[in-house]
Amino acid sequence: MSQIESLTSLERLLESFLDRAVELKEERLEVLEGINRLDDIARGFLAGDDLTEDVGGWFAEHNTWLKETVLKDADRNRIALILGEIKREIRVTEDSSPAINKISKEISRWSHTSTGSGSTIDGQTPALSKLDSKPPRLVLKRGAENVVPPLSMDMPRRSIKQTPEPVSNDTIAMFGTVLERTSNLFSDIKRDREHLLSVLDDSLKSAILQQNKDALLLSGFIIYYLKQNGYMVEPYVKRLKEAENMLNSATGSTDSAKRRS
Amino acid sequence: MLNPSEKAYCLALRAIRQKQYRAAIDYFDKAAPFFQENKEFGLLQETTRLLLAVRAEIAVLGNDDDIIVEEVFSDGKEAKFR
């Protein structure tokens with residue numbers, strides 16, 4: 001066999017290997033592409049685009065997912081969250097177009113149909129049940145706090161009224177949202193991992209490379225957990241601080257750009 | 001949702017499915033920092049790279065004088081000609 005024949009044979013072998021490898025991942029690839037497409041649509045809605053037709057197209061294309069077992073729990077949660085976002089954005093009213101009404105009904109139908117394992121009392125999975133209900137909105141009201149300053153030699157202990165900060169956001173709800181996102185991120189990262197340290201490594205990479213704040217929080221959480229369980233976490237703490245510094249400097253430059261504009 | 005690296009991995013697999021191996025390598029390279037320790041990712045990336053190297057060697061040995069002009073698109077934008 002000549003050299004060129006050997007190489008041609010090797011070429012065919014490699015090509016066949018790649019074809020089969022991708023074929024094995026075909027189903028998963030389709031799911032990821034579908035979720036990715038839905039995510040793009042949701043982002044479009046958030047940007048103010050009317051993508052009602054695109055949502056309709058997405059439902060038409062992926063309706064079979066409801067009857068098949070291609071979706072993992074993490075996929076269902078991701079889809080439920082994205083559909084929830086879309087439903088909030090389309091704001092159905094009496095004057096809404098038939099297309100919007102139909103999409104809204106379709107989202108509700110999706111949420112009802114895809115309830116399976118892990119159903120709650122009302123028959124819906126926790127994540128999917130969010131589609132039909134308005135997002136929980138808790139409002140904290142509090143007066144100015146009395147803060148006791150540290151004791152010093154020349155200053156008598158007294159109560160200081162702190163300048164009340166405008167309570168513009170609901171911190172409990174905001175923290176809940178971050179916790180949920182962080183949990184989803186953990187579900188995504190842990191998929192192919194065999195040890196929590198590998199998950200932490202990925203999470204730190206994500207925090208550094210993508211300047212992902214959720215990944216930073218997740219990394220901190222994992223590091224603290226590992227520390228409590230006797231692991232040596234110093235190298236990871238160092239990386240966490242690097243990621244934090246990068247994020248802070250990125251946020252700082254964004255803020256100053258905003259101020260300039 | 002999907003982070004840019006996951007998205008690039010996804011696109012790399014799709015490129016392999018369409019036998020666009022050079023585009024696949026570009027996507028693999030984009031995704032590499034995130035998937036550095038993923039053995040499956042490494043295997044697919046290196047196999048694709050090897051396939052391209054084998055093809056280049058075949059072209060040299062076969063004295064292939066044909067010039068293949070192919071447009072390569074990345075994220076819907078023209079990236080380069082080869």
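In this predicted model, α7(A) and α8(A) pack with their axes 8 Å apart, at an angle of about 150°. Here axes are lines fitted to C-alpha atoms, for helices over the stretch in contact, and angles run from 0 to 180 degrees between N-to-C directions. That makes α7(A) roughly antiparallel to α8(A); angles over 145 degrees earn that label, while those under 35 count as roughly parallel, 65 to 115 as roughly perpendicular and the rest as oblique. The crossing of this pair, α7(A) and α8(A), is left-handed, a term used if the near helix is turned anticlockwise from the far one by less than a right angle, with right-handed for clockwise.

Who does the touching? On the α7(A) side the contact is made by Leu196(A), Val199(A), Leu200(A), Ser203(A), Leu204(A), Ser206(A) and Ala207(A). From α8(A) come Ala215(A), Leu216(A), Leu218(A), Ser219(A), Ile222(A), Ile223(A) and Leu226(A). Contact means that the C-beta atoms of two residues, placed from the backbone, lie within 7 Å. By class, the residues of this contact of α7(A) with α8(A) are 11 nonpolar, three polar and no charged. Ala, Val, Leu, Ile, Met, Phe, Trp, Tyr, Cys and Pro count as nonpolar, Asp, Glu, Lys and Arg as charged, and the others, Gly among them, as polar.

Now for α8(A) by itself. Its buried residues are Asp214(A), Ala215(A), Leu216(A), Leu218(A), Ser219(A), Gly220(A), Ile222(A) and Ile223(A). To count as buried, a residue needs 20 or more other C-beta atoms within 10 Å of its own; 12 or fewer makes it exposed, and in between it is partly exposed, with C-beta atoms placed from the backbone. The helix covers residues 213-228, and its 16 residues should span 22 Å at 1.5 Å a residue; the end C-alpha atoms are 23 Å apart, which agrees. The expected span is 1.5 Å times one less than the number of residues. Just after α8(A) sits Gly230(A), with a positive phi of about 85°.

A second helix pair in chain A is α2(A) with α3 (residues 52-62): their axes come within 10 Å and cross at roughly 165°. So α2(A) is roughly antiparallel to α3(A), and the crossing of α2(A) and α3(A) is left-handed. Gly34(A), Arg37(A), Leu38(A) and Ile41(A) of α2(A) meet Asp54(A), Val55(A), Trp58(A) and His62(A) of α3(A). The class split for α2(A) with α3(A) is four nonpolar, two polar and two charged residues.

Helix α2 of chain A also holds Asp40(A) and Arg43(A). Asp40(A) is partly exposed because 15 other C-beta atoms lie within 10 Å, and Arg43(A) is partly exposed with 14. Asp40(A) lies 9.8 Å from Ile82(A), C-alpha to C-alpha, with their positions 42 residues apart in sequence. For Arg43(A) and Glu85(A), the C-alpha distance is 9.1 Å and the sequence gap is 42 residues.

Next, the two chains side by side. Helices (H or I, at least four residues) and strands (E, at least two) are DSSP runs, numbered from the N terminus.

| Item | Chain A | Chain B |
|---|---|---|
| Secondary structure | nine helices and two strands | three helices and two strands |
| Order from the N terminus | α-α-α-α-α-β-β-α-α-α-α | α-α-α-β-β |
| Buried share | 22% of 261 residues | 26% of 82 residues |
| Contacts 24 or more positions apart, among those 6 or more apart | 55% | 41% |

Where do the chains meet? The contact takes 27 residues from chain A and 25 residues from chain B. In chain A, α1 (3-24), α2 (26-46), α4 (73-90) and α7 (196-209) each supply at least two residues of the side that touches chain B. The largest share of that side comes from α1(A), with 12 residues. Its residues, on the side of chain A that touches chain B, divide into 13 nonpolar, six polar and eight charged.

One backbone detail in chain B deserves a mention. Most residues other than glycine have a negative phi, and most peptide bonds are trans. Lys19(B), a residue other than glycine, has a positive phi near 60°. Lys19(B) lies in the loop between α1 (4-17) and α2 (21-35) of chain B, and Lys19(B) is exposed because 11 other C-beta atoms lie within 10 Å.

A note on conventions: residues are numbered from 1 along each chain as its sequence is written, and chains are lettered from A and ligands numbered from 1 in the order in which they are written. As the model is predicted, local features need pLDDT of at least 70 and side-chain atom pairs count only at pLDDT 80 or more, while totals for chains, interfaces and linings use all residues.
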